[in-house]
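Here are a few short exercises to work through with the model open beside you. Try each task before reading its solution.

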Amino acid sequence: MTPACPGCGLKLAHVDGIAPENYAASPACWATYGELTAYNMQRADPGFLHQLAVDAYAAQHDGPSSKAIATAFGLIGLYLTFEQGFNGREVQHAHAVLAGSRHDWPRLAAPPSRGAMTVADVMAALEGDERDDRLREWARQVWLAWSEQHAIVAGWLPDPQRLKRPSRWGPAHS
């Protein structure tokens, strides 16, 4: 076993490689996230559920060398999903709009625990709806773990519905 992932506490067998320095992640956790990314990309979900994985991972793996924008956008994506009903494509569009605003994103105090579930819990579920549901639950737990910061995140977006582009991708999937 390798040391626990500094972001989520996941303990997995050793994996050769490194995790990007802007995430508080172990190489094994990062590799598991890569597997989830590959799985999500082959699913070709019109609502782009993968955006939820991107945002959950960024929020769960915030650390001293993380870019403030990565954690902020992760939390914004979770807020837009769970509090505003955006699907992944709509969150992706909101991120693009916000990225163009040249906003200096503040660092938030991370909670000591960022959810009991990890990316490995998502990958342990059967492919298809079960894994998609597990991904949603993981992301929801990460969002709830940051509850002390919810009002701050909501305050960054005084009118979040203005960020929502009319959907051309069909029914919303989050």
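At 45% relative accessibility, Arg107 counts as partly exposed. Keep in mind throughout that this is a predicted model.

**Exercise 1. Find the acidic partner of Arg107 and work out which parts of the chain the pair joins.**

Step 1: Look for a carboxyl oxygen within 4 Å of the side-chain nitrogens, the cut-off for a salt bridge. Asp62 fits, with an N to O distance of 3.6 Å to Arg107.

Step 2: Place both residues. Arg107 sits in the loop between helix H4 (88-99) and helix H5 (119-124), and Asp62 in the loop between helix H2 (50-60) and helix H3 (68-82), so this salt bridge ties together parts that are 45 residues apart in sequence.

Step 3: Compare the surroundings. Asp62 is buried, at 8% relative accessible area, while Arg107 is partly exposed at 45%.

**Exercise 2. Do the same for Lys164 and Glu90: where does each residue lie, and is each one buried or partly exposed?**

Step 1: Check the contact. The closest N and O atoms of Lys164 and Glu90 are 3.9 Å apart, and the two form a salt bridge.

Step 2: Locate the ends. Lys164 belongs to the segment after helix H7 (150-156) and Glu90 to helix H4, so the pair links parts that are 74 residues apart in sequence.

Step 3: Read the accessibility. Lys164 is partly exposed at 28%, whereas Glu90 is buried at 7%.

**Exercise 3. Explain how Arg134 and Glu130 are placed relative to each other in helix H6.**

Step 1: Confirm the salt bridge, which has an N to O distance of 3.7 Å between the side chains of Arg134 and Glu130.

Step 2: Count along the helix. Both residues lie in H6 (residues 129-145), 4 residues apart, and that spacing is about one turn of the helix.

Step 3: Add the accessibility. Arg134 is partly exposed at 27%, and Glu130 is partly exposed at 37%.

To round off the topic, the structure holds 6 salt bridges, and the pairs above are among them.

**Exercise 4. Inspect the backbone of Ala44 and Phe48: what is the sign of phi in each?**

Step 1: Read the angles. Phi is positive in both non-glycine residues, about 50° for Ala44 and near 55° for Phe48.

Step 2: Find their positions. Ala44 is in the loop between helix H1 (27-43) and H2, and Phe48 lies in the loop between H1 and H2 as well.

Step 3: Check the side of burial. Ala44 is exposed, with 58% relative accessible area, but Phe48 counts as buried at 14%.

Terms used
Residues are numbered from 1 along each chain as its sequence is written. This is a predicted model: local features need pLDDT of at least 70, side-chain atom pairs count only at pLDDT 80 or more; totals for chains, interfaces and linings use all residues. Side-chain values use heavy atoms; hydrogens and water are left out. Helices (H or I, at least four residues) and strands (E, at least two) are DSSP runs, numbered from the N terminus. Buried means under 20% relative accessible area, exposed over 50%, partly exposed in between (1.4 Å probe, protein chains only).
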